[in-house]
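Notebook open, coffee at hand. I want to look up how some helices pack here, and then what two chains do where they meet.

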Amino acid sequence: MSLPILIFTLAKIVVILLVLLTVVAYAVWFERKLVARIQSRWGPTRVGPHGLLQPLADAIKLLTKEDITPSGVFGLVYLLAPALSLITALLAFSVIPFGPVTEVGGVDLFQIADLDIGLLFILSISSMGVYGIVLAGWSSNSKYSLLGGLRSSAQMISYELAAGLSLVGVLLLSGSLNLREIVNAQTGVWGIIPRWNVFPQFIGFFCFLTAAIAETNRLPFDLPEAETELVAGYHTEYSSMKFAMFFMAEYTNMLTVSCLATLLFFGGWHGPTFGPAVLQAILPLFWFSLKVLCFLFLYVWIRGTLPRFRYDQLMAFGWKVLVPVALGNLVLTSFIVALWSA
Amino acid sequence: MYPLFFFVFATAAVGFAINLLVQRHPIHSALSLIGVMASLASLYLMLGAEFIAAVQVIVYAGAIMVLFVFVIMLLNAGEEERTDRSRLAKYLGMPLFLVFLVTLATILSRQFSPNSMVQFGDFPGHTADIGRRLFQNFLLPFEVVSILILIAIVGAVVLARKETY
Amino acid sequence: MPNSYFQNYIPVLVMLGVVAFLAGAMLVLSYLLGQRRPSREKLAPYECGITPTGDARQRFSVKFYLVAMVFILFDVEVIFLYPWAVIFRELKLFGFVEMLLFILLVAAGFAYLWKKGILDWTKSDSGEFG
């Protein structure tokens, strides 16, 4: 790889990361605003119009807060945990394509790395994300943290399984692990409905979405940080920017899951394109963002609507409902695909 | 550039492995082992075996090491207490290790000329290739794996339950 | 071919570097920017305002350990499904039958776990932490 291309790649990565972190910051604003409206409140209004500068104010506040390291923590591991959470969350984003291949100077603008094993890459990176949480809980020397970290990691690995199983149906239909190829397999229409995987794979989609919400530790599966019983779960003892890093990791994971759901089940950036060339180039990005935004809305909507599970219900649901259903879906799909191609 | 990457990841793997032995607290050792797994995955990746690299991370670094960390937490294992190492190991260990290393290096350098070194991307292990091998050529071993998993499930239950059940 | 294959991964490596730098910078910045006035009470682990009792790292339920162990086994199963799904169109009905055999055997293990109550969280076998 030549030096100019390397520099261009670096610049692209920095720009994408900046956009990503801005989106993450505004996802928090979006959530606060939306949950407030669901609960007949106003949400943030003071900082800027409609509280739009709130994320900025939060960032400055968190950065200048006192950086407390409680006594009795396990030094290095305590510091490593938030970094590990954030790094894995952001790294998983590097294989997500946001639009069709648009090469400028030999570099694809809308994706950092187009890997043949894109989907497996995301799964492997997210399987490393467990450590951030389990180590945070363990190293903090607090009972709440330990319980939160333990619960969270057991929950995450259980639902990782269900998520992994539910994705096999998509692979059967598209025959590739490359995210771009999976999206391209969803081009075109059946009559009037688009060829999105969600229609033949609606059971798989349901399993994936549920498992993904649980894996990102969001309501109604946010047992690890159930504030009424565990204070704040694994990040009870974290303050200042270290707390913010866990927070950012959680929202980045939400965003990754939304992107993944869009790519795998909702045709990615495919949508009607029309008009002049400029519009044609921008519209796929618009469709992609719109679909991702719908998923973020769904996340918040679920949070605003459903009560929290009990821990034993949560584990039972994962193992006794999602895993068998995903397995059944997989057998059924493969049977139909086999008959179809025979 | 490829040899450079190879040496970076190989050194990382060996470094983490040594750190694993030297560290006194089990959690640090476990973290080093995760580092070893990740470095090995990078080496597989460099050879061209993408799928194997991903599996290495998912199964070894992601699943098996979680179990290790759980066990360390479960037992609340503290720092290891150093025993006065046996005198035999103390005086003979290092020299024997060096002899072993030299022997290994000699054999390897005689067996393989420098030109026959594994090149980057020599083993294109695309997922589809592995699938074809696994589900057409090595069907029986694959089916036997399911029996192995079954036995392991039963074993896990037997190990973890109390006698009264 | 190997060349372009490797080029795909260079951006990932660059990304890893940038992200690691970002995480490190955040840790250092918050260390430098925040004021620090530690006191014994402030540094104590949070326990609803009262003095912490005992060691936080207690023994906890063996359930967590079991979940991790079962997870490994099923994770291995799922890993086998991925290459199979990718080439399923070549294998056709034959592929379906061979995977059905595999899944049935593993499902038998799953049923065993279910029957033994490993998947029930409430069937607690002791009053341990967790």
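Entry 1. I started with helix 3 of chain A and helix 4 of chain A, and their crossing is left-handed. (Left-handed means the near helix is turned anticlockwise from the far one by less than a right angle; clockwise makes it right-handed.) Helices here are DSSP runs of H or I, at least four residues, numbered from the N terminus. The contact draws on residues including A:Val77, A:Leu84 and A:Leu91 of helix 3 of chain A, and on A:Ile125, A:Gly129 and A:Ser139, among others, of helix 4 of chain A. I call two residues in contact if their C-beta atoms, placed from the backbone, lie within 7 Å. By class I get 14 nonpolar, 6 polar and no charged residues in this contact. (Nonpolar is Ala, Val, Leu, Ile, Met, Phe, Trp, Tyr, Cys and Pro; charged is Asp, Glu, Lys and Arg; the others, Gly among them, are polar.)

Housekeeping: this is a predicted model, where local features need pLDDT of at least 70 and side-chain atom pairs count only at pLDDT 80 or more, while totals for chains, interfaces and linings use all residues. Residues are numbered from 1 along each chain as its sequence is written, and chains are lettered from A and ligands numbered from 1 in the order in which they are written.

Entry 2. At what angle do helix 3 and helix 4 of chain A pack? I read about 155 degrees, with the axes 8 Å apart. Axes are lines fitted to C-alpha atoms over the stretch in contact, and angles run from 0 to 180 degrees between N-to-C directions. The two helices are therefore roughly antiparallel to each other. (Under 35 degrees is roughly parallel, over 145 roughly antiparallel, 65 to 115 roughly perpendicular, the rest oblique.)

Entry 3. Next I checked helix 1 and helix 2 of chain A, whose axes come within 9 Å and cross at roughly 110 degrees. That pair is therefore roughly perpendicular, and the crossing is right-handed. A:Trp29 of helix 1 and A:Pro55 of helix 2 are among the residues that make the contact.

Entry 4. On to the contact between chains A and C: 67 residues come from chain A and 57 residues from chain C. Helix 5 (143-174) of chain A is one of the suppliers on the chain A side, and its 14 residues are the largest share. That side divides into 43 nonpolar, 15 polar and 9 charged residues.

Entry 5. Confidence check: the model scores ipTM 0.85 and pTM 0.87. Chain C averages a pLDDT (the predictor's confidence in each residue, from 0 to 100) of 79. Over residues 125-130 of chain C the pLDDT is below 50. Where pLDDT is low, the predicted coordinates should not be read in detail.
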